[in-house]
Amino acid sequence: KIMLVLVGEKTKNLHKFVRWEQEVALSMNIPIVAVNLNGSKGRDNDLCPPIIRDQLVLHIPYKMATCRWAIDFWPEEYKTYKQNGKTGPYHLNTELLNKLLSE
């Protein structure tokens, strides 16, 4: 129901399998979450794989609470955004992010 992509120093250079997995998820309309291992709260332009950089992908910091929220809620939000024609990267709003990070 969802794909988590761990975004680290080498992720964008792993073309053989990681890119293929992302291509499949995009073609199957599977919601993708980019989990920033460096803790970045939004899209990390330097580390994010190019194939998902401008797609409707949720970008979150690597924390248990943000990953749990993404798994529980992103698939439905993704579906709604897709139906409404939204594109491009997405990140958690500041209020929700602060709440999750304080848990």
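The turns below ask what lies behind some labels used for this predicted model.

Residues are numbered from 1 along each chain as its sequence is written. The model is predicted, with local features needing pLDDT of at least 70, side-chain atom pairs counting only at pLDDT 80 or more, and totals for chains, interfaces and linings using all residues, while side-chain values use heavy atoms and leave out hydrogens and water.

Me: What makes residues 64-83 helix H3?
Reply: Helices (H or I, at least four residues) and strands (E, at least two) are DSSP runs, numbered from the N terminus. H3 has 20 residues, so the run meets the helix minimum of four.

Me: How do you know what span to expect for H3?
Reply: The expected span is 1.5 Å times one less than the number of residues. For H3 that is 28 Å, and the reach from its first C-alpha to its last, 29 Å, is close to it.

Me: What makes Phe-73 the site of a kink?
Reply: The bend at a residue is the angle between axes fitted to the seven residues ending there and the seven starting there. At Phe-73 in H3 the kink is about 50 degrees, and the proline Pro-75 follows shortly after.

Me: Which residues of H3 are buried, and what covers them?
Reply: The buried residues of H3 are Ala-65, Thr-66, Cys-67, Trp-69, Ala-70, Trp-74, Pro-75 and Tyr-78. The cover includes strands E2 (32-36), E3 (57-61) and E4 (90-91), and helix H4 (94-101).

Me: Why is Gln-22 called buried?
Reply: Buried means under 20% relative accessible area, exposed over 50%, and partly exposed in between (1.4 Å probe, protein chains only). Gln-22, at 1%, is therefore buried. Gln-22 lies in helix H1. Leaving aside neighbours within four places in sequence, Gln-22 is in contact (heavy atoms within 4.5 Å) with Met-3, Val-5, Ile-32, Pro-49, Ile-51 and Ile-52.

Me: Why is Ala-25 buried or exposed?
Reply: Ala-25 has a relative accessible area of 4%, so it counts as buried. This residue of helix H1 touches Met-3, Ile-30 and Ile-32, not counting residues up to four places away in sequence. Ala-25 and Met-3 are 22 residues apart in sequence and 7.2 Å apart in space, C-alpha to C-alpha.

Me: Why is Asp-44 buried or exposed?
Reply: Its relative accessibility is 12%, so Asp-44 counts as buried. Asp-44 lies in the loop between E2 and H2. Apart from neighbours within four places in sequence, Asp-44 is in contact with Asn-36 and Asn-38.

Me: Why is Asn-29 put in its accessibility class?
Reply: At 42% relative accessibility, Asn-29 counts as partly exposed. Asn-29 lies in the loop between H1 and E2. Its phi is positive, about 60 degrees, although Asn-29 is not a glycine. Most residues other than glycine have a negative phi.

Me: What makes a space in this structure a cavity, and how many are there of 30 Å³ or more?
Reply: On a 1 Å grid over the protein atoms alone, a cavity is a set of points where a 1.4 Å probe fits but cannot get out. The structure holds 1 cavity of 30 Å³ or more. About 70 Å³ of space lies in the largest cavity, where volume is the space filled by probe spheres set on the points, joined across faces, edges and corners.

Me: What makes a residue part of the lining?
Reply: A lining residue has an atom within 4 Å of a point. Among those of the largest cavity are Thr-11, Lys-12, His-15, Gln-22 and Pro-49. H1 gives the most, with 4 residues.

Conventions. 1 Å grid on protein atoms, 1.4 Å probe; cavity = no way out; pocket = protein on both sides within 12 Å on 5 of 7 lines; lining within 4 Å.
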